[in-house]
Amino acid sequence: RLRQEFPDMSSAMSELSRRWKTLSSTQKKTYDELEQADRRRFKEETLNADAEKFAQVQSQRESMKVQEGEKKSSRSAREKMNRQREEKTKRRIQREAELTDEQIAERNRIREEKLAQKEERCRAKAAEEAAVAERHKRLSKSEKQRANQRLEYLLQESEIFAKFKGITGKKEEAKLDEKKTK
């Protein structure tokens with residue numbers, strides 16, 4: 001209700017303060033008891049959480065110590081990975097030993113089918129890349145031709161570019177012709 005009456009926080013807090021001051025000590029006592037109960041609950045929860053965290057840290061420390069029958073080097077990550085790899089290989093071999101000839105043949109057929117699909121995708125990708133390279137080559141050739149044509153045009157039309165090439169442009173030739181005729 002207070003949020004609806006007072007949308008901003010400062011006016012709501014002012015109203016709450018005003019209402020609190022008007023309460024009698026017996027009315028305030030119920031709220032004080034609720035506050036004390038909440039403080040006790042909070043304290044218990046934090047103590048329990050701290051105890052759990054401490055136990056977890058202790059457990060981690062104990063697990064990091066070298067156990068009886070263990071070598072110090074066998075605790076490394078590489079050693080753990082090697083053990084996991086060996087276990088996985090043993091499980092795979094055991095599963096394969098339980099397969100029938102038909103199941104083995106089916107697995108081999110599926111494996112060959114997937115390999116053929118992969119090779120086909122690789123061939124298609126290589127063909128597509130070759131086609132793209134050819135298109136780029138043609139585009140590059142046509143771009144070079146257009147650039148050369150543009151350069152020739154500029155050299156013929158402008159005195160500035162003509163100086164670089166050592167030829168006179170059409171406009172310059174026209175000016176020279178006009179001067180000669182005058």
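A salt bridge is a side-chain nitrogen of Lys or Arg within 4 Å of a carboxyl oxygen of Asp or Glu. Arg92 and Glu96 fit that bill, with their closest N and O atoms 3.4 Å apart. Keep in mind as you look around that this is a predicted model. Below is a quick tour of its charged pairs, its positive patch and its aromatic pair.

**Salt bridges**

- Side chains of opposite charge can pair when their charged atoms come close.
- Searching the whole structure turns up 12 salt bridges.
- Back to Arg92 and Glu96: they sit 4 residues apart in helix H4, so about one helical turn separates them.
- Arg92 counts as partly exposed at 37% relative accessibility, and Glu96 is partly exposed too, with a relative accessible area of 31%.
- Salt bridges with shared partners also build a network, made up of Glu5, Glu15, Arg18 and Arg19.
- Inside that network, Glu5 pairs with Arg19, and their closest N and O atoms are 3.8 Å apart.
- This pair links distant parts of the chain, since Glu5 is in helix H1 (residues 2-5) and Arg19 is in helix H2, 14 residues apart.
- Glu5 is partly exposed, at 48% relative accessible area, and Arg19 is partly exposed at 32%.
- Over in helix H3, Glu35 and Arg39 are 4 residues apart, about one turn of the helix, and their side chains meet in a salt bridge at 3.0 Å, N to O.
- Glu35 is partly exposed, with a relative accessible area of 34%, while Arg39 counts as exposed at 52%; the cut-off for exposed is over 50%.

**Positive patch**

- Lys88, Arg91, Arg95, Arg107 and Arg111 gather on the surface as a patch of positive charge.
- Helix H4 (77-97) and helix H5 (101-157) are the elements that give two or more residues to this patch.
- H4 supplies the largest share, 3 residues.
- Arg107 belongs to helix H5 and is partly exposed, with a relative accessible area of 40%.

**Aromatic pair**

- You'll find 1 aromatic pair in the structure.
- The ring centres of Trp20 and Tyr31 are 6.1 Å apart and their planes meet at 65 degrees, so the pair is edge-to-face; planes over 60 degrees apart get that label.
- Trp20 lies in helix H2 (residues 9-22) and Tyr31 in helix H3 (residues 25-64), so the pair ties together parts that are 11 residues apart in sequence.
- Trp20 is partly exposed at 37% relative accessibility, and Tyr31 is partly exposed at 47%.

Definitions and conventions:
Residues are numbered from 1 along each chain as its sequence is written. This is a predicted model: local features need pLDDT of at least 70, side-chain atom pairs count only at pLDDT 80 or more; totals for chains, interfaces and linings use all residues. Side-chain values use heavy atoms; hydrogens and water are left out. Rings of Phe, Tyr and Trp (its six-membered ring) pair if their centres lie within 6.5 Å; planes under 30 degrees apart count as stacked, over 60 as edge-to-face and the rest as tilted. Buried means under 20% relative accessible area, exposed over 50%, partly exposed in between (1.4 Å probe, protein chains only). Patches are made of residues with over 30% relative accessible area and no salt bridge: like charges are joined within 9 Å, nonpolar side chains (Val, Leu, Ile, Met, Phe, Trp, Tyr) within 5 Å. Accessible areas come from the Shrake-Rupley method with a 1.4 Å probe; for residues, only the protein chains shown count as cover. Lys and Arg count as positive and Asp and Glu as negative; His and the chain ends are not counted. The place of a charge is taken as NZ of Lys, CZ of Arg, CG of Asp or CD of Glu.
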